[in-house]
Each structure stands twice: as structure tokens, then as C-alpha cells.
Amino acid sequence: MGDEIILKTENLGKIYAEGTPMEVHALRGINIEIKRGEMVAIMGPSGCGKTTLLNLIGGIDKPTYGKIIIEGKDISTLTDEEMTEFRLFNIGYIFQLFNLFDFLTALENTVLPLLLTNTSRFEAEEEAKMMLRQMGLGDKLNHLPSELSGGEQQRVAVSRALLMNPAIILGDEPTGDLDEMTSKDIMDLFRSINENFKQTFIVVTHSKYIAEFCDRTIRIIDGQIVDDGYGGK
Amino acid sequence: MDYINSLLTKTFRRRIGKNVGTMIGIALSVSLMLGVQITITSFSTKALGFFTEAIGENDIIIQNFGFPIENYQEIIEKIDNSSIQYAAINWRVSQDVAVYNLEKGYLEKGVSFVGVELDEDPIFGRFYHPDGEIEYTKEELEQIFSDNTSVLVGKYLFDDMDLRINQTIKIRIGELQGLQFNYKTYDLKVAGYIADKEKGKESGGRVLWTSIDNIRSIIGVGNNSVTEINISLSSNHDEQPVSKDYACEVEAQLKEILDVENTGLLVIAFRALVLDTADKIIKDVLIAFNLFGALIIFSGVLLLVNIQLIQVEDRMQQLGVLRAIGSKRKEIIRLFLMESAILGFIGSLLGLGGGYAMSIFLVWRIGITFFNTTVFLTPIVTGSAVLYSFIVGFTLAIGAGLLPAIRASRVDPIEVIRGIKKVKERRMGTGILVLGISLILIGVSTFATQLAVGDSFFSIQGWNTANEQWTFMGAVGGILLGLSVLTAFLVSRKVMGNSIGFSLITIAISMLLFALPQLKDVADNNKILITCVVLLALGTIILVGVNLKFVTDLVTTILYKTKIKKGVSLISAKYMTSKTMRSTLTFGIFTLVLTMNIFASIYQATFSYNTLESVEFLSGGASIYVELDTPIQNDSLVDVERDLPKVDPSIEYVKGINTTISLLQADPSAKLSIPSEIFAAYIQLIYNDTFKNGSKYVFDFMIEQSIGKFNEEYKPAASEEYQRRYSHKIWDLFYNRTRFNRDGEKDPNGLPAVISTNPILKPGDVFNITGLFKPPIEVIVLANIRQYPFSINSGFPILLVTPDLLPFLSYNFAILPKYTNFLVKTSENFRNGRNSEIANKIETFFNGNESILIKNNDFVAASAYNVWEEMLEQVDFQVRTFDFMQIFVSFGLVVGAIGMIIIAIRNVSERKREIGMMRAIGYKKSQIILSISLELFILAGLGLFIGLINSIVLGATFARLYDWYLIIPIGRVLLYTAVMIGIAFLASIIPGIRSSRITPAEALRYVG
């Protein structure tokens, strides 16, 4: 972990259904700074705004106010097109439900982001194969998600997230759908990637157990940070 | 159970937008079903009405070949005393005449000049004043007809000949002297015209009306004589129709009562005959209508099944949850059943309205295309069509929604909740084994039966009959499909799919290539061809559908070579493969529509080109033909053969043909393509020098099919030289008065041979030619002429006979004792020459005010036709027919396209989550649009490609069948393909854009 700030939010807020009776203040003036190579857990009860924060950082949702600066770039001002491109090269996403395309094989699911660049198909597939082999899925390259276990599916999702060597990997309850044993495996995997490649992780979780794998835990309640502390493993 | 009801209501409300989409999809497909049926019904009803309007309520006609029926009162009395129940009876004196409007120079042939009793039963029609509201009173009629030259004219004739009240017209009418008509010119005065209204007399028409006494005095018939007795069996056939069987039963009764064997009277169930004949005439068009209609309906079915599949798949997640919380399978099925029933019911109801709207436009086009009228025709909606469409739409909607739901209810709830959309495959059971073996056994036993009974399933003779071809096709189909089904049990479903696809294609192609060219009956050919079209389309759709993965892999490889991002190509291609059924249904719609459209245009172009190309060869040197309505009475004035060449220096040769009309009675063994065993025909007397000058053929008509073993030598695809040699051989048999037995073999004691110019009378058919005051003569048809000028406009078949039959037909020919038909050979270029100008000069020669015949009051009504122009008109009608078919099909296309857009939009809703995933990974909006569009576009492209190949194969087969040169109208093909691509583009881009508007965060939360 270095001192370089990779992510910074300034007074970040998100209001859903603004101006209607259904108005919800999901996030209220969030200010955080995350250094390159940090592994951060975001915790809090359901509906506190964890996933909203993750979506805003990942650029798949727009803040109502405030700034998100990733690697010195204010992504809240980017156009949709620019944001998408930014996301492709800088953000890796891992979801609770794995979010793999059920009609693509493990290899195809993994290789997708690279196929959106100018990389040749051969090179892209070679890289994806290498990544999957590193994840221990070398013998399941051509398996469909339905033919893989939950843990294996999440490894494919991790491979896909890592393939572009993004600045930050965002995990939205990445082990929420897995048993404790498999969850540990996945978190160990994250940890080892984090340690070996100085990869920044931001993981949203309910679980203290999962948070303990991280360097730092940010607690959110009712859209506001109530605690931000270093600890864990 | 309450929670299911509550869930049903809630989800129905929540998904209202999607449900509306589904309902529109169902409505569109029901629209196609109903629209097609209304259009076809309206066409056939209008066409039949076209034939029956002038008949009015008349059912049976009693006649005596145009000669008077003496003592008609006795006949009426006999009928009255019999058990026959009739609504009305009348008697008239009539004759077909030519009418000349000297003031304007207009001439009309074949006008009925009819004398009626003034108190005739109004069932047979009324005389209406021109305002169409007030009837002529009996007193008015007596007043008008008190001058025996005054006539009332049908509205159509009045307008057509540009007549005016009180003007004098000339008619050419036959005065009976002994057993012969002497033709004279007679002046009549137009007293007024009758309004064109309803049926019978009111329908206006081409009729001159007078009193029965007046006409008797003009044509020299006694007071006890009439020329026809008409019997109406129902006072309103629309409300109380008379069945054909009943009419024929009464006809048979009358024949007995009137002792027709001895009196020679003709009793004909005229209305039934006209309706049946009309049925046959419109049959060919109806076959095409039904073919295209069936394919349109089929594409509607594909649309409906497609949208219902989406409806179910979209709710997989919900289904898993329901199962997990303890819902029983039957509860889930009930949920879907209710939903499908509601959507199906409302959608089908909406579809009925849509179908009617569709038919309004199509029926209007029918008026323009077939009946030459811009008057708006009302679509005829039958209860059965509405019921059929509604029931089929409703049932399919339920079936297509429910069957996947039943299948889906077998899913593992855990997997579904986890988002794994995988359904357990059921193993093929023994049922399929039994089905496969049964099909094979049926096929084999059919073959065995055919071999034992027909003794010929592999021989050319065997395949000459349509039945044996159907049997062969059915047997091969049974065996191949049986084997295919067996593979599902023994190997896999995929192999079965492939086998079925191949089987259907194999049957279609082999029938097209081997069977059809051997079958020489056009009507049978068309039926087989239609079946082959459907089999080919189905086969290719199944084959490609089963191998969609292979196809999409190929497409992906190609796409990878383009500039499209590989990630976009991969998603599109793989998604298609994952939804095999829906993708197949999608490209199936495009395949069907394009097959229909392109095939129609290829057929149209090929038909037109080849028909016109062969006209000159087949016209045998006759560039103009002339028809006189009556013979020239005073031949010292004009000798046509001698004088006509003086009309124009280009006229090289004129040959007169003695023609009469007679009745033919078919031998029961003759397989006629018309229903009646008795029908009228022209008989032409052909002498050895009629078509030949010495040993040289001046008019060299080609023979199409012939009797017995000679038919084996017939090769429609052979060179012109071969065809000429073959034809001359048959003509020689005819000129040499060769007789044949019923087996088609030469036999000096056999039947006299005649040549037919109409495919109704086929070689080998045996007929009685009914001669006046003579026993009928039995003849056998030796051959058909491929193209005969006098057949172009003739409503009746024409039989060519040799002079050895003259003694039997002497009285018939006595009616028209001299030449009335002429063939004219000119030195002009057949296509681009002055033949039309010469034809006009010929008509002026006979009918112009300066004509020697007119001046001597001995006019004949002559029509001279340029064969090339006449054939152009015929081809033009075919072209217009096919143009209409394309409009017909285009409707299917438009509705199909709207359906595709709805399907694609629904598809986007279903894939919301996937789209969110794509956006999260880094797919730009434009890439999302491209991937969604590309997927549909590839499917459309696949459909287009298969459709194109199919239609070219079909077109080529047609060309081969008739020895035509295949014409692919590149312009039209490109146009339709472009239109289809445009529609595919539209159908793909709209959902694509819609998908790009979904925000990723919202999409990722989507659960269906």
C-alpha cells in the first residue's frame, strides 16, 4: 500500500426520486480517500447506501451532488461515453450474484472486456486463459456458468474483473451467495491479489468476517459515514 | 390458492406494459389469420357473384339448342303435374345478336335479345326506370312494346355503346326458316334503359328487352313456341340457397318427365353448373391465395409462439421463487394458464378488429386487380372465419404460454433463484420409439400397397398420376420421418431435428426435380408444388434452427473479421444460440415472408418472359384471328378468303374455319377437371388443307400431350425442331382419321379422334358430342394443342374434328353453315409489326360505315385480334395477379415486422439485467445498441438468405417444369431484400435504442 490517493470523494450525495413524495437520501455528503493498494470494506445495515456508493464509484450511477475523483480524474463530470470507457479500463466489478452471462462459457465471460478493446482475439483469449488458470479453472474454460459451482462462478467473475488490470476492483457482496468455506477462499484470493499486485479492492459486505480480510472498514448508516478505521488482517 | 390469485392480479398490473406488448403480438397474429380469410372469402364470393349476378334466381334451363321448343305449355303442364316444387317458372324467346350503333360506329357482339311475358314472375327480375327506384308498370311496358321495334336496354350496354333514347340501332338476327337460320339486319328503337340493380333483369347487363310477342314476330317463331323455359327453385338464393345436389336431382327428374332421350331437349341445372365452373375458374387464383395465405398465417403463428415464449422466460425468476416458497406445480401452471387466457382473449379480440382493417385494404385491391373496378368492395366476414381465427389465436396463445410454463415448472427452484436458467431435459421415452416405428411401418406398407396395386411406383407411367405421386410422397415422408423420430430415441434430439429437416427438404426437392416434370397435369402440379413450397420452407427452418450454433459460430467468425468490436459480436451470436427456439421462430418469419415475396416475383418474371418468348413459336404463324358472330349471308358480296388479302398488302394468307357449338357429354371414366358431365363446346371442322397448304404447314400449331404411347415421346423441354416433328406426327394421325380404342391404341374399329385446345379435355378422355336430331357420337381426345388463337378469349373448350364426323353434325353446322372463324397470316414482324393496325382494318372492312356488307344491310359483327397483343393482355392479368399476391404477402410482412419489433422490445425488457451487466463491464451505449440490433439483424439476414435460396430453388424448379428460361428479376429481388433489410433494421434498431436508455444501476437491480 502506498500513499498515492487513488480514489477520493468530496461531499458525495445521492437522492433517489428527488422532488417526489418518494424522495430518498441514499447518500449524504460522503468524503473518503482510498490509497492505491488498499483493501477496503464498506459495511452497514441494509438500505444504508453501501451499494449506491459502490455504484457511484464504479460510474454506473450518477451522483446528485459532490465529486468522485479516481486517479486524479473527476469522473462525475464525464459523459456517459467517457464514463463507460473509463469503467472498461479502470474499474473491475464483482457482484454477489456473479452476473455472468449464462449463455457464455467461463472463457468467453472472462475475455469479454478485452474483446471490447483492440486486442486480437487470440491474444485476448490467451490472456483470459492464463487468468482462469491462475484462478484454478484451467480445466473448466469451456464450461457454462450453470456447469460451475458458486465458488467457481465467482472466480470467473474475478478473472473478468482482473483481466483489464483495473485501478480499482469493486465487489458488491462478492461472497454473499457463497458458503463460509468458499467465501474464505474467495477473500483469500482477493487478499493475495491485493498483496501481490497492489490491486485496490473496495468490497461492500454485511459480514464482519469478510471485513476482517480488509485493511480498513468504513461503516455507513443512513447514508453517512459513521466510522472509518484501519484493522482487519 | 388465494395468494396465487392475488399474485396474478399484482403481477399482471405491474407488468402491464409488457402484457400490452404481448397482447399486441397476439392481436397481430390473429389479424393475419382473420385478414387472410376475409380476403380469400371476399374474393371468391365476389368472383362467384360476378358469374351469378345476371342469372338471378334461375336454377334450371330447358332449351333446344337455340331452336324453338314447340308446345311449351304442355311442358309447363307436365312440370306442374310432377312432384317438383319450384318457386317460379317462366318462358322466353331469345337469341344472341350483334348490335350496331351506326351513329357512333360502336358494335357489340353476343348481346342477348330477349322477349319476356310482361307479367313474368318478379323472381326473375324487374324492370326499373333509370332512377333505379321506380319499377316500370305493366301498362308502361305494354305501351313501350306496342311498337314492336322498341326495346329497353340494359344499363351496361346502354353506356358501353353510348346509346341515346329514341335512337335507332341495328341488330343482326337469325330468322328461322325450316331448320336453318337466315341472318338479317333489323332496326330497333331504344325506348329507354333499365337501371343496374340487384340480380336478374335488374342487373342491367348486355341485354335488349322486348315482349315475347315482338321477338316471335321478328325471328319467325309461332305463339306456341319459346326458346327457353327457366325454373327457379328458390325465390332468394342468398337466404335460401339451393344445393347443387338438389338442383341436379331436379334436373334428372325433369329429364325423365320430359323424355329428353327422344325429344332431344336440353335440361341443365344451370346455376349449379355456373357456380361450379366459376369455382374451377377461380380455383387457380384461390390456390395461390391459399398458399400465400397459409404461409402468412404460419408466420402469424410463429409470431405468437415467439412472444409467448418470452412472456414465460421473462418470469423464470418469479417461478423459482414461487416453487421455493412452496407453490405446487399445478398452481404455477394455473397462474400461467390464467395469464395466457387473459392475454390470449384480449389479444385475439383486438386481432379480430385488426384482421378486418387489413381486409378492407386488400379487398379494395382485389376490386382493382381482378374486377377492374375502383368501387369499394365490402369485405365479407363469415362467422366461421372469425370463430376460427379467435379460437386458433386463443388456443395458440394459451398453448404457447402454457407449454413452456409446464416445462418451466420442472426447473430446480434453487438454480432459478440463483439465475441459472436451465431446464431439465426429459429423456425421450418409449412413446417416441412406438411413433417412429409406426411411421416407418405406415410408409413401408403404403409402398407395398402401391407396388401391389399400382404395380408402378418407380416407373414413369406410375408417376404420371397425381395420386401415385401423393402416395409416393406420403410413403417416403412416413419412412424418413419415422427414421428421424427413432434417432431421437437412439441418438439425440438434435440428430432427430436434423433428420426431420433433411427429410422435409429431401422430399420437397426430389418431388420438385423428379416427380413434377413427369406429371403433365397443371392443376395437380400446382397442388404438389404448394406442398413442396411448404415442406421446403419448414425443412430449411428446422434444419437451420437445429444447427443454429454452427451457423452462429460461422457468423461470429465472419463478424470477428469486421470492425465491429469482438465483444459485441460474441454477445450477439451467443445469445442467439442460447435461445434456439425463439431465434428459429424469428428467422422463420423472415424466411417465410421472403420466400413468398421473391418466389412470387421470380415466378411472375419467368412466367411473363417465357410465355411471351414462346408466343410466336406456339402461335404457329397465325398472327391475327378473326371471329364473326354469324356467317355472311350473301357471299356474293364478300368472300373473306379471297377479299381479305386486299385489305392490306401484308396479309399473306387467310383460312376460314367452319365452327359450330355443341354439347359434350363426358364419359364417366373421363377425369374432368370440371364438375359437369355436360358442357358446351365449340366444334371446328378441320380439313386437310385447313392448316396445311399441300404438304406444308401454313399454320403450324404445337401439340402438347397426346394419347397412349405417343405421349411418351412428348418432351416439353425439347428443341423447337423436336417439338415440331412430334406435333406433325400427331397431326398426321389426325389428318389420316386414325381411330383409337379406349386404351389409346390404334384400332380401325376404335373411336374417331379429335384434338382439344383446352386442358379440361385431356388426351384419352372419351366424350359424346351431342348432335342435333342425331344420336350422340362417341369420340376420343387424341391430343391437346399448346396454344390456339381462338382459345384465348373463348369461354368454352374447342374441339377440332375431321370431316368424317360431318354427317353426324350436319344440323349443328347448319345453324352456322359457313365460315365464321378465320386465321390470318401476315408478313409483319410478329411482335413489333403492324398487326394491330391490320386487325383494325379487318374490323373496319366488316363493320365500318363504308363496309360493303353494312351498305347492303348484311352486316356481320367481326372481331379481329392481334395474337401478340392478346397474349400480352393475358400475361398482364397474370402479372397483376402476382402483383396483388405480393401486396397480400407484404401485409404479412408489415404485420410480421411490427410483431418482430414488439418481440425485440419485449426481449430487451427481459434482458435488462444482462444489459446492466454489459454496461458495468464497459459496453458503451452504442455497443449495446449494436449488439441487440446485430442479433436480430443476423437472424433476419439468415431468414433472408434462406428465403432467397428457397425462392430461387422453387423458381428454378418451376422453370424446369415448364421448360422455361429462369428469370430472376434482380431489381425486384434487390428491392424486396432491401425492404426486408430495412424492416429488419427498424425491428432491431428500435429495441437497441430502447436498451441503451436503461441505466446500468437500474438494470442490475432488475429481477423480471
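Guide: Two residues are in contact if their C-beta atoms, placed from the backbone, lie within 7 Å. Keep in mind that this is a predicted model.

Visitor: What covers the buried residues of H3(B)?

Guide: Start with the helix itself, residues 72–81 of chain B, where Tyr72(B), Ile75(B) and Ile79(B) are buried. They span an arc of only 55° around the axis, so they sit on the same side of H3(B). The cover over them includes strand E1 (60–63), strand E2 (88–101), strand E8 (228–232) and helix H7 (244–257) of chain B.

Visitor: Which exposed residues does H3(B) carry on the face turned away from its buried side?

Guide: Tyr72(B), Ile75(B) and Ile79(B) are the buried ones, so set them aside. The face turned away from them holds Gln73(B), Glu74(B), Glu77(B), Asp80(B) and Asn81(B).

Visitor: How many residues of helix H6 (residues 212–219) of chain B are buried?

Guide: Name them: Ile212(B), Asn214(B), Ile215(B), Arg216(B), Ile218(B) and Ile219(B). The helix is largely enclosed by the rest of the structure, because the buried count out of 8 residues is 6.

Visitor: What do the buried residues of H6(B) pack against?

Guide: The partners are a helix and several strands of chain B. The helix is H4 (138–145). The strands are E2, E3 (106–116), E5 (168–177), E6 (180–194) and E7 (207–211).

Visitor: Which residue takes a positive phi just after H6(B)?

Guide: H6(B) covers residues 212–219. Just past the helix, phi is positive, at about 75°, in Gly220(B).

Visitor: What share of chain B counts as buried?

Guide: Chain B has 31 helices and 22 strands. Of the contacts between its residues at least 6 apart in sequence, 81% join residues at least 24 apart. Of its 1008 residues, the buried share is 48%.

Visitor: Which residue of E21(B) is the bridge partner of Tyr625(B)?

Guide: Strand E10 (residues 624–628) and strand E21 (residues 821–826) of chain B run antiparallel, joined by 4 bridges. Strand E11 (residues 651–666) of chain B also runs antiparallel to E21(B), over 6 bridges. In E11(B) and E21(B), Lys655(B) stands opposite a residue that Tyr625(B) also pairs with. That residue is Leu823(B).

Visitor: Which strands stand at the edges of the open sheet of 4 strands in chain A?

Guide: The order is E2-E1-E4-E5, with antiparallel pairing. An edge strand has a single partner, so one of its sides is left without a neighbour in the sheet; here these are strand E2 (24–35) and strand E5 (73–74) of chain A.

Visitor: Which residue in E4(A) is the bridge partner of Gly13(A)?

Guide: Strand E1 (residues 5–16) and strand E4 (residues 65–70) of chain A pair in the antiparallel sense over 5 bridges. Across from Gly13(A) in E4(A) is Tyr65(A).

Visitor: What is the average twist from one strand to the next in the open sheet of 6 strands?

Guide: That sheet has the order E6-E7-E8-E3-E9-E10 in chain A, with mixed pairing. Strand E6 (91–95) and strand E10 (224–230) are at its edges, so each has one side without a neighbour in the sheet. From strand to strand, the twist averages 15°.

Visitor: Which helix gives the largest share of the side of chain A that touches chain B?

Guide: The contact takes 24 residues from chain A and 26 residues from chain B. On the chain A side, helix H1 (50–58), helix H2 (80–90) and helix H3 (106–115) each supply at least two residues. The largest share, 5 residues, comes from H2(A).

Visitor: How far apart are the axes of H3(A) and helix H19 (residues 566–578) of chain B?

Guide: Glu108(A), Leu112(A) and Leu115(A) meet Lys566(B), Gly567(B), Leu570(B) and Lys574(B) here. By class, these residues are 3 nonpolar, 1 polar and 3 charged. The helices pack at an angle of about 145°, and their axes are apart by 7 Å.

Visitor: Is H18(B) roughly parallel or roughly antiparallel to H19(B)?

Guide: Helix H18 (residues 548–560) of chain B packs against H19(B) at an angle of about 170°, with the axes 9 Å apart. Angles over 145 degrees count as roughly antiparallel. Therefore H18(B) is, relative to H19(B), roughly antiparallel.

Note on methods:
Residues numbered from 1 in each chain as written. Chains lettered and ligands numbered in written order. Predicted model: local features only at pLDDT ≥ 70, side-chain atom pairs only at ≥ 80, totals over all residues. Pairing = 2+ DSSP bridges. Axes fitted to C-alpha atoms, helices over the stretch in contact; angles between N-to-C directions. Nonpolar A, V, L, I, M, F, W, Y, C, P; charged D, E, K, R; others polar. Buried ≥ 20, exposed ≤ 12 C-beta atoms within 10 Å, placed from the backbone. Arc of directions from axis to C-beta. Parallel < 35°, antiparallel > 145°, perpendicular 65-115°, else oblique.
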